[in-house]
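Below are my notes on this structure, set out as numbered points for you to go through with the coordinates open. They take the pocket, then the charged pair, then the surface.

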Amino acid sequence: PGLGFFGALVVGLCQALALAPGVRRSGSTCSGAMICGIDREEAFRFSFILSIPAVAGAVFLQVLALVRAGTLTAGMPLGPLLTGFVLAMAGGFLALRLLERLVVPGRLAWFAAYCFVAALAGFIFFSIVC
């Protein structure tokens, strides 16, 4: 059946929620898609396909800022940049595969408990230190 207009609007609003600190774009869009009736695997895949324009836009803006600041110049060696790009992309794909193995079968309860404990520990730590 697909998302339809209302479903696409819900997922888009969920993606916009990621502008708030601590809200992950992928988690909010997956949740939004599942709320709209999309199964877990399709929601996972759709969320990461949806990330392509957001990531491409962020890369473009970052490169533009580096060029304007004079940090990225025409004489810069491309080898280290390309190596970093390829390694980051490979690490990202590996992380996505591992995440897919958790999300699709629905084994997120332990991860959610870990996130809760980590957030609570961080809150307590920064409340005391800051």
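1. The largest pocket holds about 570 Å³ of space, a value that should be read with the reminder that this is a predicted model. Its lining is made up of 15 residues, and those that lie nearest the centre of the pocket are Ser51, Val55, Met89, Phe93 and Leu96.

2. As to where the lining comes from, helix H2 (25-35), helix H3 (40-69) and helix H4 (78-103) each supply at least two residues, with H3 giving the largest share, namely seven residues. In character, the lining of the largest pocket divides into eleven nonpolar residues, three polar and one charged.

3. Helix H3 also carries a charged pair, for Glu41 and Arg45 both lie in this helix, four residues apart, which is about one turn. Their side chains meet in a salt bridge at 2.9 Å, N to O, and a search of the whole structure finds one salt bridge. Side chains of opposite charge can pair when their charged atoms come close.

4. How accessible are the two partners of this pair? Glu41 counts as partly exposed because its relative accessibility is 33%, and Arg45 likewise counts as partly exposed because its value is 34%, partly exposed being the range between under 20% and over 50%.

5. On the surface, a nonpolar patch of about 990 Å² is made by Phe116, Val117, Leu120, Phe123, Ile124, Phe125, Phe126, Ile128 and Val129. Of these, Phe125 is found in helix H5 (residues 109-129), and Phe125 counts as partly exposed because its relative accessibility is 46%.

Notes:
Residues numbered from 1 in each chain as written. Predicted model: local features only at pLDDT ≥ 70, side-chain atom pairs only at ≥ 80, totals over all residues. Heavy atoms only, no water. Patch = residues over 30% accessible without salt bridge, like charges linked within 9 Å, V, L, I, M, F, W, Y side chains within 5 Å. Areas by Shrake-Rupley, 256 points an atom, 1.4 Å probe, with all protein chains shown as cover. Salt bridge = Lys/Arg side-chain N within 4 Å of Asp/Glu carboxyl O. Buried < 20%, exposed > 50% of the residue type's maximum accessible area, 1.4 Å probe, protein only. 1 Å grid on protein atoms, 1.4 Å probe; cavity = no way out; pocket = protein on both sides within 12 Å on 5 of 7 lines; lining within 4 Å. Points joined across faces, edges and corners; volume = space filled by probe spheres on them. Nonpolar A, V, L, I, M, F, W, Y, C, P; charged D, E, K, R; others polar.
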